[in-house]
Each structure stands twice: as C-alpha cells, then as structure tokens.
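Biologist: I'm new to this one. Could you show me how to read it, feature by feature?

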Amino acid sequence: MLSPQNKILIITAPSGAGKTSITKHLMQRFPQLAFSVSAATRKARGTEKDGVDYHFISEDTFKQKIQENAFVEWEMVYEGKYYGTLKEELQRIWSLNKIPVLDIDVKGAIHVQQQYPQTSLSLFIEPPSVDELKKRLQSRGTETEESLAARVNKASYELSFKEHFNKIIVNDDLEKACIEAELILLGFIGL
Ligand code: 5GP
C-alpha cells in the first residue's frame, strides 16, 4: 500500500475545459486532497489571494528559485508569464498526510509524471470541442481578444498531448465529468 506521502494528483487540460470546476469538486469530495499552490509571475485577478490561489512573485524572484532548484517543474505558460510547482509545497502537503492536487498546464503535467511515474495519477480534462472551449472562455469575460486567441491556439496544441495521461475525461456535462473523476479517484486514494 502506498502512503499519501508518495502520491500526487495531476489535473491538466487546455484552459477553459472545466479543469478548475472539476478540481474544486474533487477537493470538496475528498478531504485527503490538498490544493498545491503554485508560484506565478502574473498579477492576481479579481478575488484571487496571494498564498491561496497562487504565490504571486516577481519574475526576478521566480528566476532565483529556478537557480536554487526549488521547482519540481516550471513553465512559461503564457508569453512572459511563469508558473511553477514548488518542491516545498509538495513537502508541506505530504507532511500533513495529504495528497497534493496539481492544477497545471500540459507540459508541466508531463514533467511531474516523468518524475513520479509510480505514484502520480494524471487526469486530462478534454473540452467537447475547440469551438465550445472558445465560447466558454468568452463567457468567462476575463479575456481580451488577444489573450482569448492565445488560449484557443494553445488549447489546440495541448489537445494533441492527451494520450500521455493516465485518464481522459471528456467534459461535455460537468456533473457527469465530476462523477467520472470521483470514481477514478476512489481507486487512486484507496491504493
Ligand atoms: P491562470 O493564469 O488562468 O490561472 O492559469 C493559466 C494556466 O497555468 C492554467 O492552465 C494552469 O493550470 C497553469 N498552471 C498553474 N500553475 C501552474 C504550475 O505550477 N505549473 C504549470 N506548468 N502550469 C501551471
């Protein structure tokens, strides 16, 4: 039996596929899970809080952490914006005897999987179509025309990596997708 110390749940998807909603649902359903707060160099949006949604840090600090080998993985997810999973964040969560949940981009997810092949579970949340994804991003109202185009282009690229992950969940109905994710997790948590 694996102890929670070894385990990592990775949830990845193109932006707008519903990854955050599914992640939140799983966090409520399973108290064994704890959200891994990433470091990011973008500015906080809306109600986001430092240390809760992200550790919002400067680009200089981020680069210093890269030098110090403080990240399990990091990526420039969008032009000029860095995001990374801190080793100490995983340690913090494991020390609570919980399983870290990483809501990260596709490349970062592949890197974490490579480092924890036996003890990670990766879920790829697939949008029903790129058109549907574009509509969802537009209705969120947080994107400029430029950032919307960047996210849609990136989404098409990221979809081509879906076969790298342990499970693919198509999110055409959020409730069904949440139930499917729950069932998969029951097996993983119970390992
Ligand atoms: P947003 O700016 O919308 O919060 O996040 C943009 C993207 O960055 C999302 O796909 C999110 O999953 C991803 N992301 C968040 N934290 C990390 C991280 O630590 N590493 C990587 N590689 N991607 C991340």
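Modeller: Let's start with a term: a polar contact is a pair of N or O atoms within 3.5 Å; within protein, one must be able to donate a hydrogen and the other to accept it, and residues adjacent in sequence count only if both atoms are side-chain atoms. Here, a backbone N or O atom of Gly 84 lies 3.2 Å from an oxygen atom of the ligand. This is a predicted model, where local features need pLDDT of at least 70, side-chain atom pairs count only at pLDDT 80 or more, and totals for chains, interfaces and linings use all residues. Residues are numbered from 1 along each chain as its sequence is written, and side-chain values use heavy atoms, leaving out hydrogens and water.

Biologist: Which side chain has an N or O atom 2.7 Å from a nitrogen atom of the ligand?

Modeller: That's Glu 73. The side chain of Arg 151 also has an N or O atom 3.4 Å from an oxygen atom of the ligand. The protein buries 93% of the 510 Å² that the ligand exposes when taken alone (Shrake-Rupley accessible areas, 1.4 Å probe).

Biologist: Which residues come nearest to the ligand?

Modeller: A residue counts as near if one of its heavy atoms lies within 4 Å. Of the 17 around the ligand, Lys 19, Ser 38, Arg 42, Tyr 54 and Tyr 83 come nearest.

Biologist: Which strand gives the largest share of that shell?

Modeller: Strands are DSSP runs of E, at least two residues, and helices are runs of H or I, at least four, numbered from the N terminus. S5 gives the largest share, four residues. Strands S5 (71–78) and S6 (81–86) each supply at least two.

Biologist: How many aromatic pairs are there in the whole structure?

Modeller: Rings of Phe, Tyr and Trp (its six-membered ring) pair if their centres lie within 6.5 Å; planes under 30 degrees apart are stacked, over 60 edge-to-face, the rest tilted. The search finds nine pairs. Phe 62 and Tyr 82 have ring centres 5.4 Å apart and planes at 35 degrees, so that pair is tilted.

Biologist: What about phi?

Modeller: Most residues other than glycine have a negative phi. Asn 69, in the loop between H2 and S5, has a positive phi of about 60 degrees.
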